[in-house]
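Subject: Handing over a structure, with notes

Dear colleague,

I am passing on the structure below, together with what I found when going through it. Please read the notes with the coordinates open beside them.

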Amino acid sequence: MEVRSMHFVSRVRQRLEDPELQRNLKRTRGRNAASRAAAVAAFPDFDAVRARATEIRASVLRDLDVWLERFEQKAIERGATVLWARDGDHACELIIDIARRHGVRTVVKSKSMVSEEAGLNAALEAAGIRPVETDLGEYILQINDNEPPSHIIMPVIHKSKEQVSELFARVHGTAPKTDIEALTHEARAVLRPEFLGADMGLSGGNFLVAETGSVAIVTNEGNGRLCTTLPRVHVALTGIEKVIPTLEDLATLLRILPRSATGQAITNYVSMLTGPKQAGDADGPEHMYFVLVDGGRADLLGSEFEAMLRCIRCGACMNHCPVYQTIGGHSYGWVYPGPMGSVLTPLYQGLDKAMDLPHAATLCNQCGVVCPVSIPLPDLMRTLREKQVERGLRPWSERIATKLWAWVAARPKLYALGTRVAVRYLRWLADGRDRIQVMGVAPGWTAERDFPAPAAKTFRELYAERRRGGGQ
Ligand code: SF4
C-alpha cells in the first residue's frame, strides 16, 4: 500500500470538513470502548491475564529466532512449506510464484493486514491473478475501487449502511436496500461461488503456535474457514512477530484479544490450521504454505521500540483514541491507523515519511491504559518525537521556537517576566469571563472550543506573596 502519511495534516483537514464522514464517525464513537469496558468488568481476572499476555509476548521477542525455528520445524513436520520474505515486495513475489506453480487464477482472501502492507492485491492483478476479498468489510472496500481499510478489525467503520446500499446497488445491479441482514445475504450470494471456484485461499494469522506448527485465525465471519479449507492451496501470510510458544499461551491470548477488540468473550470462529489435508481428512487444502514477513520487524528487536512488536492487532488503542475518533483511519495514510499506526508507520516506513504521526496524539494515555499487552504507546511516540529533533527533521520554525523556549526557561528572571506578561495578556483576552473564545496568537486552539482563562497571577507571584505573608 502506498504511503501517504507525509500528507497527514492536509488529509486531516479534508476529513474534518467531510460532513458525511464526521456523521459516520460520531455514530460509532465510544461504542467499542463501552463494549470493552463491559467485557473487562465482567471478567475479574482481566488484569492478571493481561500481565500474563504481556509476559508471553515479551518473552517470545527475547528469543524470537528460537521460536521461529521451532515453528518452522513443526510446520514442516506437518507437511507445510515455510517461506521467509524480506519485505512486502518479496512476499508478493513468493505468493505469485506459488500461484503460478499451482495454476491459480483466482485467490479468495480472508483478512490480512500484512497483505495490505505488501500491496498484494495490486501485485496479484498485475500478474494476471484475480484476488477476491471475502471479509465483508474488505469486500465492500474492494468493490469501491480498492479503497483502503480505515480500521484494523472493522475496515469499513467509516461508512454508513446507506453508502453500502448505494454501492451494492451500483455494483451488483440490485435494488437498493438498507437492511443490514439483507445486504449481508447479498454479499454472501456473490461470494459463495467465489469460494467454491477459487484455486487458492490466502489468510492472515493472529498467532503462529511454535509447539504445533499451526496458525490460529480469529474471526467473526465464516469466510476465514472457507478460504483456508475449500481451495486446493492455502497460504498464510503473517509478520514474523506473530509466533507464540504453546497452545496454553494461545489460550491466554484468546481470553484477552476479543475482549479488548470488540468486547466479546470469544469471537464466532477460532480456527487452528495445522498442515495440509492428510489421508482420511474430510476437507482441507492439498498444499499449505506459510509466508513469514520481516518488513522492518527484525530491526526493532533489542531497540527502544521492541515493545511495539508485542502488538496483537486488537484495535483497542484506536477505539479509545480521541484523535482517531475525530479524524478517522484514512488520515494516517498507511495500513495502520490510530496510536499503534502513529508508532508503526514511522518505524516501518521511515521517520521522514510520517513526520506528523508521532504528534497525532493528545498523550492522554488512554491507548496505553487499554492495550492488552501493555505497550507504552505515548512513551514510544515521545521517543519518536525526540528522534525527529535529534535528526533535525522538524521544521525550522519549530526548531527555533524550541531553542528560544529552552533559552528562556534556563533564565528564571526572564521566564518569570514572560509568564507574567502572558497571563496578563490572556486575562485581557478573556475580558472578565472564565473562558477565552478566540485566541489571537494561535486561533487554531479556539477554533472548535474555548480556552480556560488563567488565574489572575502566576504561581510564582502567588508563592512570593505568600512567602512575604501577604497571600491568602
Ligand atoms: S497497540 Fe495494543 S491496543 Fe493497539 S492494536 Fe496493538 S495490542 Fe491492541
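In this predicted model, four strands make up an open sheet with mixed pairing, and their order across the sheet is β8-β5-β6-β9. The edges are taken by β8 (243–244) and β9 (269–273), and because each of these two has a single partner strand, one side of each is left without a neighbour in the sheet. For β9 that partner can be followed in detail: β6 (residues 214–219) runs antiparallel to β9, and five bridges hold the pairing. If you want a point of reference for the register, you may take A216, which stands opposite M272 in β9.

A second set of strand contacts involves β10 (residues 287–293), a strand that is mostly covered, with six of its seven residues buried. Strand β1 (residues 81–85) pairs with β10 in the parallel sense over five bridges, and there T81 has Y289 as its bridge partner. Strand β7 (residues 233–239) also runs parallel to β10, to which seven bridges join it; in that pairing A236 is matched with F290 of β10.

The salt bridges took up a good part of my reading, and the count comes to 18. Side chains of opposite charge can pair when their charged atoms come close. I went through three of these pairs individually.

- K159 and E147 meet through their side chains at 3.0 Å, N to O. Both residues belong to the loop between α9 (136–143) and α10 (161–172), where they are twelve residues apart. K159 has a relative accessible area of 15% and is therefore buried, since the cut-off is under 20%; E147, at 17% relative accessibility, counts as buried too.
- K387 and E304 form a salt bridge of 3.0 Å, N to O. This pair links distant parts of the chain, with K387 in helix α19 (residues 377–390) and E304 in the loop between α14 (297–300) and α15 (316–319), 83 residues apart. E304 counts as partly exposed, at 46% relative accessibility.
- E398 and R394 are joined by a salt bridge of 2.9 Å, N to O. The two ends of this pair differ in cover: E398 is partly exposed at 29% relative accessibility, whereas R394 is buried, with a relative accessible area of 8%.

Beyond these pairs, E117, E241, R297 and R313 are joined into one network by salt bridges that share partners.

Turning to the ligand, which residues are the closest to it? They are C311, C314, G315, C317 and C371, out of 13 residues that surround the ligand. Sorted by class, this shell consists of eleven nonpolar residues, one polar residue and one charged residue.

On the surface there is a nonpolar patch formed by L404, W407, L414, L417 and V421, which together have about 480 Å² of accessible area. The elements that give two or more residues to this patch are α20 (396–409) and α21 (412–430), and of the elements involved α21 gives the most, with three residues. One of the patch residues, L417, has its place in helix α21 and is partly exposed, with a relative accessible area of 43%. That value suits a patch member, because patches are made of residues with over 30% relative accessible area and no salt bridge.

Finally, I would draw your attention to two backbone positions. N146 has a phi near 55 degrees, which is a positive value in a residue other than glycine; this residue sits in the loop between α9 and α10, the loop that also holds K159 and E147, and at 45% relative accessibility N146 counts as partly exposed. The phi of D431 is likewise positive, near 55 degrees, and D431 is again a residue other than glycine. Its place is in the loop between α21 and β11 (435–436), and with a relative accessible area of 57% D431 is exposed.

With best regards

Terms used
Residues are numbered from 1 along each chain as its sequence is written. This is a predicted model: local features need pLDDT of at least 70, side-chain atom pairs count only at pLDDT 80 or more; totals for chains, interfaces and linings use all residues. Side-chain values use heavy atoms; hydrogens and water are left out. Patches are made of residues with over 30% relative accessible area and no salt bridge: like charges are joined within 9 Å, nonpolar side chains (Val, Leu, Ile, Met, Phe, Trp, Tyr) within 5 Å. Accessible areas come from the Shrake-Rupley method with a 1.4 Å probe; for residues, only the protein chains shown count as cover. A salt bridge is a side-chain nitrogen of Lys or Arg within 4 Å of a carboxyl oxygen of Asp or Glu. Buried means under 20% relative accessible area, exposed over 50%, partly exposed in between (1.4 Å probe, protein chains only). Two strands pair if DSSP finds at least two bridges between them. A residue is near a molecule or strand if one of its heavy atoms lies within 4 Å of it. Ala, Val, Leu, Ile, Met, Phe, Trp, Tyr, Cys and Pro count as nonpolar, Asp, Glu, Lys and Arg as charged, and the others, Gly among them, as polar.
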